[in-house]
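This report gives a short description of a predicted model. The overall make-up and one helix are covered below.

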Amino acid sequence: MPRPPSAMRRHILDSALRLFAEHGFKGTSLHDIAVEAHCSKASLLYHFAGKDAILTELLTPPAEGLSGLRAELAALDGDRAVEPAVAGYIGLAMRFHLEIKIIFAELPEMLGHPVLAVIPEAVDELADALAGRSDQPRARVMAQMVIGGVAVTVASDLDVDRDTMRAELLRGALRTLGHTTS
């Protein structure tokens with residue numbers, strides 16, 4: 001059972017996020033996290049049952065964000081879904097860029113994680129919104145290109161400020177989808 005929020009708990013999560021993104025989930029030990037967080041392993045284990053519990057807590061907000069975006073887009077038809085889908089997806093991807101990097105580093109294992117069970121169906125629905133609800137092959141392929149391209153770009157270590165990154169991702173995604181910005 002998770003412990004109540006505390007500054008140390010947040011510090012452990014922030015340390016684990018950095019380490020998982022840099023060395024992978026498998027490449028990071030509880031000892032590594034404790035050292036990075038400047039706490040004892042016992043203190044770390046007071047806050048979390050283990051490394052998987054830390055990962056679960058780190059991956060829950062992006063999964064919830066994707067579910068929330070999915071719900072917002074469900075009410076939009078056709079081309080009305082495209083721009084909100086692009087903006088919402090890019091916002092989530094930029095907010096959770098380190099979590100995406102962790103997922104990509106160990107993709108097959110990560111997609112089997114219970115917290116991420118929402119991803120396949122949510123990504124299908126995001127792709128549908130990005131494609132403007134079209135079943136045309138070109139629209140579907142372009143939608144998948146946007147999903148993959150945005151994820152890979154935000155997970156990379158590009159030395160680009162966040163505002164420029166967001167603006168260029170929006171412009172590029174909309175251009176890929178055959179839309180102009182409104």
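How many residues does helix H4 have, and how far does H4 reach from its first C-alpha to its last? Helix H4 covers residues 51-74, which is 24 residues. The distance from the first C-alpha to the last is 35 Å, close to the 34 Å expected at 1.5 Å a residue.

H4 also has a kink of about 30 degrees at Leu-59. The proline Pro-61 follows shortly after that kink. Leu-59 is itself one of the buried residues of H4. Others that are buried in H4 include Lys-51, Ile-54, Leu-55, Leu-58 and Pro-62. Further along H4, Ala-63, Leu-66, Leu-69 and Leu-73 are buried too.

Helix H4 belongs to a protein with 10 helices and zero strands. Read along the sequence, the pattern is α-α-α-α-α-α-α-α-α-α. Overall values for the protein are set out here.

| Property of the protein | Value |
|---|---|
| Span of the C-alpha trace along the principal axes | about 55 × 35 × 30 Å |
| Buried share of the 182 residues | 41% |
| Exposed area | about 9700 Å² |
| Share of the exposed area from carbon and sulfur atoms | 58% |

Of the contacts in the protein with a separation of 6 or more, 69% join residues 24 or more positions apart.

Where do the charges of the protein lie on average, and how far apart are their mean positions? The protein has 18 positive and 24 negative charges, and the mean positions of the two sets are 2 Å apart.

Technical notes:
Residues are numbered from 1 along each chain as its sequence is written. This is a predicted model: local features need pLDDT of at least 70, side-chain atom pairs count only at pLDDT 80 or more; totals for chains, interfaces and linings use all residues. Side-chain values use heavy atoms; hydrogens and water are left out. Helices (H or I, at least four residues) and strands (E, at least two) are DSSP runs, numbered from the N terminus. Buried means under 20% relative accessible area, exposed over 50%, partly exposed in between (1.4 Å probe, protein chains only). Contact means heavy atoms within 4.5 Å. Accessible areas come from the Shrake-Rupley method with a 1.4 Å probe; for residues, only the protein chains shown count as cover. Lys and Arg count as positive and Asp and Glu as negative; His and the chain ends are not counted. The place of a charge is taken as NZ of Lys, CZ of Arg, CG of Asp or CD of Glu. The expected span of a helix is 1.5 Å times one less than its number of residues. The bend at a residue is the angle between axes fitted to the seven residues ending there and the seven starting there.
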